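Here is a model to go through by question and answer. Keep the viewer open while reading.

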Amino acid sequence: MADQKKMFINGEWVQAENGETLEVINPATGECVGVVSYGDGRDAAKAVEAASEAFKSWSKLTARERSKYLYNLYELVRNHRDELAGIISAEMGKPLREAKGEVLGAADNFMWYAEEAKRVYGETIPSSVPNKRIMVIRQPVGVVAAITPWNFPVNMVARKIAPALAAGCTVVLKPAESTPLSAIRLFELIEQAGFPKGVANLVVGKPELVGQEFIDNPKVRKIAFTGSTRVGKLLMEGVAKHVKRVSLELGGHAPFIVFDDANLDAAVEGLFESKFRTSGQMCICTNRLYVHESILESFSNKLVERLKKTKVGDGRHKDTEIGPLINENGLNKVLEHIQDAKAKGGRILYGGNRLTEGDLGKGFFIEPTVIVDVTPEMKISYEETFGPVVPIIPFEDEASVVAMANDSNYGLAAYVYTENNSRCLRMAESLEYGIVGINDGAPTQTQAPFGGFKESGIGREGGYYAMEEFLETKFVSFGI
């Protein structure tokens, strides 16, 4: 059995108050890859207290001083890329190539916000009366509780804590139970980077109990959450009682639209990047594929040919392109969506089965799947599948596909492939989504805003937009 990993509270590695532990399981093999201390609300309360005390001094540092710590962390994360990628792959199955890219993205966040810390500007406003002057200053919110998911277990942490720390806030992180090992290693690097004690704290614990402490504790001034829309709504309801700030990055049901003038080879590769990266377990991944009826057959054939060449397996093998699903519940949900589609008239064009041959039988693997003859009443048409399954829906014209694409409670990401410049602009403006990729299957960068419309969330991550989430605006009036 692996050595037990602890939580990081007030600059010390500590065990949970309840003494409980949690095994971390590799979804590709079923083997235990780590054991972590598994706490509850008491540990969260201790971490919040430590963060509250540290805020008094951390918030008073100059932006340049805070920046130095973030630069140190950037260098450490970048230099430990391969190690962190290996941990990610072991605990959630992500192919190593993708995991290395994730770690570099996390490092980029620490570098970006090391710079952005120095750009928190105030302003002066002309007064309406001659004996007054108006000044506006920006100040950090306070203690931030961050809750992150398992599908990007390092980058999601960086996207939340980097701007929070840069703004002068202190943080308490609760990572997903499925992927605590990469967060623990990241916090070891935070310790190595020299951050003062209490500035960044890590609690691995029971979601309901830790989350409730975050909601009820008055010293937590903001909760930053990425996860399901269901849980996001519960958090929003809870913090409303305390008028507490919240940012929510929730579910999605992204449409991917291919027009008849699209570069089909580029569209297939863009779809593969959008749909099958992280085994389809992304909030921004394609859930509905709309293809113009005149190219339906040719596009479908190209897509199937691409999937036939795809290697499914343990993410730690260098030739793997699609890894396992995170756990049995995730696998069962995907299989349920496939069966529901078949029962309602859907036809499997490719894939559709769990993979059980040889070592694949030890994990939660499924074939990349393409379904045609899709209808609106199928679950796959309106529920987030979170797996490597593509339903193809034909369309006739631009107006009809915009209406179908926007017919969703979600509004996170959408994708369009077309060579018509005017249509590019029309689609970018017409789609009710916070992120639109035009001829781009991976439209995310550190400096760009990331977030959704409708039930996909509130607030933005990325760029200077994220800094806004962790700053208060104060108006000061001077009488002279």
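The questions below cover the overall fold, two cavities and a set of paired strands in this predicted model.

Q: How many helices and strands does the protein chain have?
A: Secondary structure here means DSSP runs, with at least four residues for a helix and at least two for a strand. On that basis the protein chain comes to 14 helices and 25 strands.

Q: Why does the protein chain count as being as compact as a globular protein of its length?
A: The globule rule gives 23 Å for 480 residues. The radius of gyration is close to that value, so the chain is as compact as a globular protein of that length. The radius of gyration in question is 23 Å.

Q: What share of the residues in the protein chain is buried?
A: Buried means under 20% relative accessible area. The protein chain has 480 residues, and the buried share of them is 55%.

Q: Among contacts between residues at least 6 apart in sequence, what share joins residues at least 24 apart?
A: A contact needs heavy atoms within 4.5 Å. Of the contacts in the protein chain that span at least 6 residues in sequence, the share joining residues at least 24 apart is 73%.

Q: Which strand gives the most to the lining of the largest cavity?
A: This cavity has a volume of about 60 Å³. Its lining includes Ala224, Phe225, Ser247, Leu248 and Glu249. Strands S11 (220-226) and S12 (245-249) each supply at least two lining residues. The top contributor, with three residues, is S12.

Q: Which helix gives the most to the lining of the second largest cavity?
A: The volume of this cavity is about 40 Å³. Among its lining residues are Arg159, Lys160 and Pro163. Residues 155-167 form the helix that gives the most, with three residues: H5.

Q: How many charged residues are in the lining of the second largest cavity?
A: Asp, Glu, Lys and Arg count as charged. Arg159, Lys160, Arg460, Glu461 and Glu469 are in the lining. Beside four nonpolar residues and one polar residue, the charged ones number five.

Q: In which sense do S4 and S5 pair?
A: Strand S4 covers residues 21-25 and pairs with S5 over five bridges. Thr21 has Ser37 in S5 as its bridge partner. The two strands form a hairpin with six residues between them, and Gly30 in the turn has a positive phi of about 80°. The sense of the S4 and S5 pairing is antiparallel.

Q: Which residue in S5 stands opposite Lys5?
A: Strand S1 (residues 4-5) pairs with S5 (residues 32-37) in the parallel sense, over two bridges. Opposite Lys5 in S5 stands Val36.

Technical notes: Residues numbered from 1 in each chain as written. Predicted model: local features only at pLDDT ≥ 70, side-chain atom pairs only at ≥ 80, totals over all residues. Heavy atoms only, no water. 1 Å grid on protein atoms, 1.4 Å probe; cavity = no way out; pocket = protein on both sides within 12 Å on 5 of 7 lines; lining within 4 Å. Points joined across faces, edges and corners; volume = space filled by probe spheres on them. Pairing = 2+ DSSP bridges. Rg over C-alpha atoms; globule rule 2.2 N^0.38 Å. Buried < 20%, exposed > 50% of the residue type's maximum accessible area, 1.4 Å probe, protein only.
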